[in-house]
Amino acid sequence: MTFARAFRVLLSLAAALVVVWAFVDAGARLWQRVVMGADGRSVTLTVLHWGSPEESDIVEDLVRAFEAENPDIAVQRLHATDYDAKLKTMLAAGTPPDLFYLRYDDTPEFASKRVVMPVDDAVEQAWLDLFFPQLIDAFRSADPQGNVRLFGIPKDFTPMLMYVNLDLFEAAGVDVPYDGWTWDEYRDAVGRIAEHGASDDPAERVYGGLLKTWPLVLRNIIWQFGGDYFGGTDGRDYAELRLTDPGTVAALDMVRAVRFDDGSVYNATGISESEDDLFRRGRIATAGPLGRWVVPRYRKIEEFRWDVVPLPHVEGVEPSSALATVAWAVSAQTPHPAEAKRLMKFLCGEPGQLMTAELGLAMPSMKHVAESDAFLSPGQQPENAELFVRLAAEQGRLAPQPNNYQEFDRILSREVQKTLQLDSKTPRDAMATAEQDWADERASPLKSQSYPLMPWGKVGVAAAVVIAALLAVLYWFARREPLSPLARAQQRAGWLFVSPWVIGFVLLVAGPMVISLLLALTKWSAMVPLGQAEFVGLDNFVHLFKYDKQFGQSLWVTVYYTILAVPIVQVAALAVALLMNQSVKGIGLFRTAYFVPSVVTGVALVTLWITIFNNDTGMLNALLRYPLELFGLEPPDWFGTNSRWFAVPALVLMTLWGVGGGMVIYLAGLKGIPSSLYEAARIDGASHWRQFLAVTVPMLSPLIFFNVVMGIIGSFQVFTQAYVIRGSNGAQNEDLLFYVLNLYDHAFRFHNMGYASAMAWVLFLILLGLTLIVFRGSKNMVHYEGLKA
Amino acid sequence: MTQTATDILPAGADETGAAAVIVAGSNEVPKPRSARSGSGPRAPQPVAPSSIKRQRLVGRVAVYATLVGGAVMLLVPFFWLVSNSLKTDQEVSKISQLLPETAQWGNYPEALRRLGMEAEGWAVYFPALSNTVVITVLCVLGQVLSSSLVGYGFARYRFQGRDTTFMIMLATMMLPAQVTMIPVFLLFRGLGWVDTLLPLIVPAFFGTPFFIFMFRQFFSQVPEELLEAARIDGAGHLATWWRIMLPLSGPVIAIVAIYTFMFTWNDFMTPLIYLNSPENRTLALELNSFNGQYGVENRELLMAASCITMLPCVLLFFAAQRYFVDNGASTGLKG
């Protein structure tokens, strides 16, 4: 008792201290920003970038050096792990960073939507001539008037190639293909290395290779077979798909064959040891197509020697190497264009190029730096560093991308995952489906039609009329009954007391619902002013139900989760509550033990369970392996090969861990049932089971009903779990595409605010329907007699 | 204090399920029709006393076995979390090794550093923590004040449209925030509040239907004489609420505070949408970036960071356990 008290006192003291510190700390920061300005400098620039901790350090060093040179400018550096979503959210918020990373494939869209600013006027031709010309060209695009301008300065780039573990090649007696190789030679080599490194212990087994298959690098593999995603010259005709061309299918067939038929190439699925980890531990002989960015990490490898080789190709096909390049671009909305352009030039200038070169993270975009020893770094791995320069010059190729390439990537990745990761479809079938889906997507009126602007003026007038009418009706009702002065005072005080909620309701619920309905009738990316929203009528809904396969998928995932989670969690909670209602010694301790897990929620809960679910190093599958082996079964690959049926149950398991939350509610309900009822039942000779059915369940039925309704609504709100798991999974996993995650993607990643609003309304209608069904269905099952005391 | 109020009529009978269900735990229950689900009376079976004893013993053993088994299953993840957070980089990959050879306490300062903490002597710079604390404290304050204010209005005042308003409020309980996410985002963007803590704090000052409902149920049962006395003493409307009602409602305040704390501390989606600058980020955001950046390579640090993030909630639980488990839910839900 005294101990508990001391604990509480100490804790309160510590909490009070932390709270005081937090307010002082946050207050000081606010004070500094609002009152003092950023340490007296007149201009503050914000830069947004992504990248590893090492890359962050480079950017940090560079911006501090810039600040030292420009005492009137302060630079705030933002780093994002989920870069696209962060950048687009900031754009949607109307507070874009002044300077940010721009991928070459985003340039046409960003330029045409006036997101980025032309920078031709800020740079001299002589300076531009220092760069690789094809990289500069990658950031030239048409502005809204149709003039081709330069929209960013490439900070660095990389060609794609393969990393090889020289020791494994040597051990298997395979020659290292420094001068290029064919896919047949590749298949033979990885097969021999895998055979040589075969082991019964899955933790020791060596793989011949790993092949990356995200859309850009997969396209590189396909090029090596003479295929492409799109037709036309250089793959620029996005209406003509070439996914089922012989070259394209041959490439996918090869990847599928080495992964599944030969088993010589590692197939990373779900949450498992990362492919990079396996290479770094010397268990994978070739890794690619990969760019330069892995070099700093690989340089820490001490256990074996490694180097770089070109990608394999098919005899008779001109080999090529996909270039990936990123520029620093200036936001079109920046209030300080001159300063932002100065910073852009500084970040892309020689000091930055040299730092990038020395770190080894990417290839400098300036020719002379790329060809200097700073980049080639003799004496350091990879010895064959000169290959980067050669590939960039001789085989380098920029992949042209349609404006809405993210939607194409989404469709493609889904099918690629099915055939190359899960082996549930042949490449030809998968690609045929992808072609069909892309054609459907383009055929949808939403994507092919042009619409008039939304008549906001008329909408505003109509809204004003409706609001006035509503107020008039309310006023009329209020005036109807004459009230005594006392009653009127009551009236006024009552409304004042509930006014916080009423104001909140109007501002945050009712008003937004109406606006959301209006937005649902438009096509609007928050990147342009609301006035430019197009009026599409009901076409958002048409697209949703007729053309959008992801929508159906997200609905299915959510419903699957609801069907599993709601009954399982409620039954478990009730069962545990019954257990906790036993009068045995030490029950208090058990209640504590059962309840503690439910206080862990959010990101912390998910990060914990991600490590538990890990296929290779996780606890759960290690525990399941032995008992399942008795039945000749294997533990599931929760978020990988078995994700179609097991990803959602895995989340249910996670939810079930927090069973204590529901348990206490039922426990309170159980304690409220008068014991006289049970006595009466016992006198009637009812068994335990009978008592449970005839007394406990009816008495708890209102609680059960409430929990089921709230459970359904909660199931439709699952977001954090799916978002965090997707982040650590790397790949996109459509089996975890919950409704709200899909909604978030459309709103803040793909920037379809109108479309996302339509989805929000559909969500609302679905929940309304479900709640009504549950209300109706429960009419005869819920006993309210205990309530009308 | 509530117990004295049992003979007071609840203000306005709620006929709705949603409203009524939560009071299911109430003690004042008349006899239900226990024989409703069929089965006529049966004569009690005579059983030999020794057999009853044995049955009891078996039952007791079964109960304990289930209790212990379940508790172990639920607590193992905590063990895994703590043990992994103290392992070395290599040890994390070995599942068979239950405990670290030597506990790597250094993982914790390292995890803190990567969550953005810098310390120089007594000056601690840890924006993620201070932001999370500020947001959480203000949200708790806002929820308790506004929800009790509104709950009091609904419970003790008669005004036109009250019951309709109350019904609408209960109905909004079923409306997930995501439905209004986009327009609310546009609203805060219009106010220039994006990348400030305000969008995370201000909505708490408008009250939450469920909490309002709990306060209303509680306030409905406070004896009228008490309010009468206050009024005779000359207390105004607000003074009555502040001096009489709030002090009475300790248990409900505790529940509202605890649930608001837990929700706000762990909230992820709202900060994800509204916060950008590093100095404005919350712990949940930092933990997510941590997972994305180092999660694969440094699982032991990720586990340490998770531990740090969830610690305040676990401590709060142990400090306020009686509100959570013992009578917490019942006090709160019984009303």
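The exercises below work through a predicted model of two chains, A and B, each with a solution in steps.

**Exercise 1. Overall make-up of chain A**

Determine how many helices and strands chain A has, what share of its residues is buried, and which domains are assigned.

Solution. Begin with the secondary structure, where chain A shows 34 helices and 18 strands. Next consider the extent of the chain, whose C-alpha trace spans about 90 × 70 × 60 Å along its principal axes. Of the 789 residues in chain A, 46% are buried. The contacts can then be examined by sequence separation: among those with a separation of 6 or more, 74% link residues that are 24 or more positions apart. Finally, the domain assignment divides chain A into domain 1 (1–33), domain 2 (37–154 + 330–375), domain 3 (159–328 + 376–445), domain 4 (456–520) and domain 5 (558–735 + 762–780). Taken over C-alpha atoms, the centres of domain 3 and domain 5 of chain A are separated by 42 Å.

**Exercise 2. The sheet of five strands**

Work out the strand order of the open sheet of 5 strands in chain A, and state which strands are at its edges.

Solution. Start with the order, which reads E11-E8-E12-E7-E13 in chain A, with mixed pairing. The edge strands, each pairing on one side only, are E11 (265–266) and E13 (306–309) of chain A. Helix H8 (residues 183–196) of chain A packs on this sheet and touches strand E8 (207–211), E11 and E12 of chain A, while the direction of the helix makes about 130 degrees with that of E8(A).

Then take the pairings in turn. E8(A) runs parallel to E11(A), to which it is joined by 2 bridges, and Leu210(A) stands opposite Tyr266(A) in E11(A). E8(A) is also parallel to E12(A), with 4 bridges between them, and here Tyr207(A) stands opposite Ile284(A). Strand E7 (residues 161–165) of chain A, by contrast, pairs with strand E12 (residues 284–290) of chain A in the antiparallel sense over 3 bridges. In that pairing Tyr163(A) has Ala287(A) as its bridge partner, and Leu161(A) stands opposite Leu290(A). E7(A) and E13(A) are likewise antiparallel, over 4 bridges, with Met162(A) partnered by Val309(A) in E13(A).

The last step concerns burial. E8(A) is largely enclosed by the rest of the structure, because 5 of its 5 residues are buried. E7(A) is mostly covered as well, with 5 of its 5 residues buried.

**Exercise 3. Backbone exceptions**

Locate the cis peptide bonds at Pro289(A) and Pro382(A), and the positive phi values of Arg114(A) and Asp195(B).

Solution. As background, most residues other than glycine have a negative phi, and most peptide bonds are trans. The bond from Gly288(A) to Pro289(A) is cis, with omega near -10 degrees, and Pro289(A) has its place in strand E12 of chain A. Gln381(A) and Pro382(A) are also joined by a cis peptide bond, with omega about -5 degrees; Pro382(A) lies in the loop between helix H16 (373–376) and helix H17 (386–394) of chain A.

Turn next to phi. Arg114(A), although not a glycine, has a positive phi of about 60 degrees, and is found in the loop between helix H4 (107–112) and helix H5 (125–128) of chain A. Asp195(B), also not a glycine, has a positive phi of about 65 degrees and lies in the loop between helix H7 (181–190) and helix H8 (198–201) of chain B.

**Exercise 4. Classifying three residues**

Decide whether Arg397(A), Arg114(A) and Asp195(B) are buried or partly exposed.

Solution. The cut-off needed is that a residue is buried if 20 or more other C-beta atoms lie within 10 Å of its own. Arg397(A) is buried because it has 20 such atoms within 10 Å. Asp195(B) has 19 C-beta neighbours inside 10 Å and therefore counts as partly exposed, and Arg114(A), with 13, is also partly exposed. As for its surroundings, Arg397(A) lies in strand E16 (residues 396–397) of chain A and, leaving aside neighbours within four places in sequence, is in contact with Ser320(A), Ser321(A), Ala322(A) and Leu323(A).

**Exercise 5. Where the chains touch**

Describe the side of chain B that touches chain A by its residue classes and its main contributing helix.

Solution. First, 116 residues of chain B are in contact with 121 residues of chain A. Helix H2 (residues 49–85) of chain B gives the most to this side of chain B, with 13 residues. The residues of that side divide into 69 nonpolar, 36 polar and 11 charged.

Conventions: Residues numbered from 1 in each chain as written. Chains lettered and ligands numbered in written order. Predicted model: local features only at pLDDT ≥ 70, side-chain atom pairs only at ≥ 80, totals over all residues. Contact = placed C-beta atoms within 7 Å. Nonpolar A, V, L, I, M, F, W, Y, C, P; charged D, E, K, R; others polar. Pairing = 2+ DSSP bridges. Axes fitted to C-alpha atoms, helices over the stretch in contact; angles between N-to-C directions. Domains from an automatic or database assignment. Buried ≥ 20, exposed ≤ 12 C-beta atoms within 10 Å, placed from the backbone.
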